[in-house]
Amino acid sequence: MKYTVSVEIALPRERVAPLLADPAHLPMWLRGLVVHEPIRGEHGQVGTESRVVLWTGQQTMEATEIITRREPADLHAIPRDSVVHFEREIVAEGMWSAARERLTEAGPGTTLWASENEYRFGGVMRLVAPLMRGVFRKQSLRHMQDFKAFAEHGTDVRDAQG
């Protein structure tokens, strides 16, 4: 299953990329995050493997995330007209996914965040997943909109979760 979602953020790429990459900010915009901790490597760097636990409705999901691409490596010196890439693979029981994030300049002071997502399933999920495509797409877009609200206005999803 593959899909792409995108959102425009009213901030320049030079501000968006470091915010997106900073692990201290994850709980503020990644709804349902319980744990995101490196097992091997340094957070956000290519090759880093992390344990991720998310609360999804009525249960937790534990997965392993591996960073497969981050360009440029130095997010404080982003060359003009370049595309910022963040890519990762996530593996959980019965599921593999890849997310390819691209940040481009959409206009003066505006960033376009496009997220290409691919999922592969095993077991029962292989049969159910095609029927849930809209749910996966909606959840990805919600995370992006939560990040946008955090980046633009400082909105923290934990405040809304009560």
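Helices, taken as H or I, are DSSP runs of at least four residues and strands are runs of at least two, numbered from the N terminus. The exercises below use this numbering and concern a predicted model.

**Exercise 1. Locate Thr155 and describe its surroundings.**

Solution.
Step 1. Place the residue in the chain. Thr155 belongs to the loop that separates helix H4 (133-153) from helix H5 (157-161).
Step 2. Assess its accessibility. Thr155 has a relative accessibility of 40% and therefore counts as partly exposed, since that class lies between the limits of 20% and 50%.
Step 3. List its contacts. When residues up to four places away in sequence are not counted, Thr155 touches Met28, Ala149 and Phe150.
Step 4. Compare sequence with space. Trp29 is 126 residues from Thr155 in sequence, but the two C-alpha atoms are 7.9 Å apart in space.

**Exercise 2. Describe the overall layout and dimensions of the chain.**

Solution.
Step 1. Count the elements. The chain has 5 helices and 7 strands.
Step 2. Read their order. From the N terminus, the sequence of elements is β-α-α-β-β-β-β-β-β-α-α-α.
Step 3. Test the radius of gyration. A compact globule of 162 residues would have a value near 15 Å, and the 16 Å of the chain agrees with this.
Step 4. Add the extents. The C-alpha trace spans about 45 × 35 × 25 Å along its principal axes.
Step 5. Consider burial and contacts. Of the 162 residues, 40% count as buried. Among contacts with a separation of 6 or more, 49% come from residues 24 or more positions apart.

**Exercise 3. Determine which strands are joined by the salt bridge of Glu62 and Arg51.**

Solution.
Step 1. Consider the principle. Side chains of opposite charge can pair when their charged atoms come close.
Step 2. Apply the cut-off. A side-chain nitrogen of Lys or Arg must lie within 4 Å of a carboxyl oxygen of Asp or Glu. The closest N and O atoms of Glu62 and Arg51 are 2.9 Å apart, and the two residues form a salt bridge.
Step 3. Assign the elements. Glu62 is in strand E4 (residues 59-71) and Arg51 is in strand E3 (residues 49-56), with their positions 11 residues apart.
Step 4. Check accessibility. Glu62 is partly exposed at 48%, and Arg51 is also partly exposed, at 26%.

**Exercise 4. Analyse the salt bridge between Glu87 and Arg69.**

Solution.
Step 1. Give the distance. The side chains of Glu87 and Arg69 meet in a salt bridge at 3.2 Å, N to O.
Step 2. Assign the elements. Glu87 lies in strand E5 (residues 84-92) and Arg69 in strand E4, so the pair ties together parts that are 18 residues apart in sequence.
Step 3. Classify each partner. Glu87 is buried, with a relative accessible area of 17%, whereas Arg69 counts as partly exposed at 25%.

**Exercise 5. Place the pair Glu116 and Arg100 within its network of salt bridges.**

Solution.
Step 1. Examine the pair. The closest N and O atoms of Glu116 and Arg100 are 3.4 Å apart, and the residues form a salt bridge.
Step 2. Assign the elements. Glu116 is in strand E7 (residues 110-121) and Arg100 is in strand E6 (residues 95-107), so the bridge ties together parts 16 residues apart in sequence.
Step 3. Extend the view. Arg100, Arg102, Glu116, Glu118 and Arg120 are linked in a network of salt bridges. A search of the whole structure finds 16 salt bridges.
Step 4. Follow Arg120 further. The charged end of Arg120 sits over the ring of Trp96, 4.4 Å from its centre.

**Exercise 6. State whether Thr111 is buried or exposed, and identify its polar partner.**

Solution.
Step 1. Locate the residue. Thr111 is in strand E7.
Step 2. Classify it. Thr111 has 0% relative accessibility and therefore counts as buried.
Step 3. Find the polar partner. A polar atom of the Thr111 side chain lies 2.9 Å from the backbone nitrogen of Arg13.
Step 4. Survey the contacts. Beyond four places in sequence, the residues touched by Thr111 include Val7, Ile9, Leu11, Val16 and Leu103.

**Exercise 7. Identify the backbone features of Pro72 and Asp81 in the loop between E4 and E5.**

Solution.
Step 1. Recall the usual case. Most residues other than glycine have a negative phi, and most peptide bonds are trans.
Step 2. Examine Pro72. This residue is in the loop between E4 and E5, and a cis peptide bond with omega of about -10° joins Glu71 and Pro72.
Step 3. Examine Asp81. This residue is in the loop between E4 and E5, and its phi is positive, near 65°. Asp81 counts as exposed, at 67% relative accessibility.

Methods: Residues are numbered from 1 along each chain as its sequence is written. This is a predicted model: local features need pLDDT of at least 70, side-chain atom pairs count only at pLDDT 80 or more; totals for chains, interfaces and linings use all residues. Side-chain values use heavy atoms; hydrogens and water are left out. Buried means under 20% relative accessible area, exposed over 50%, partly exposed in between (1.4 Å probe, protein chains only). A polar contact is a pair of N or O atoms within 3.5 Å; within protein, one must be able to donate a hydrogen and the other to accept it, and residues adjacent in sequence count only if both atoms are side-chain atoms. Contact means heavy atoms within 4.5 Å. A charge sits over a ring if NZ of Lys or CZ of Arg is within 6 Å of the ring centre and within 35 degrees of the ring normal. The radius of gyration is taken over C-alpha atoms; the globule rule is 2.2 Å times the number of residues to the power 0.38.
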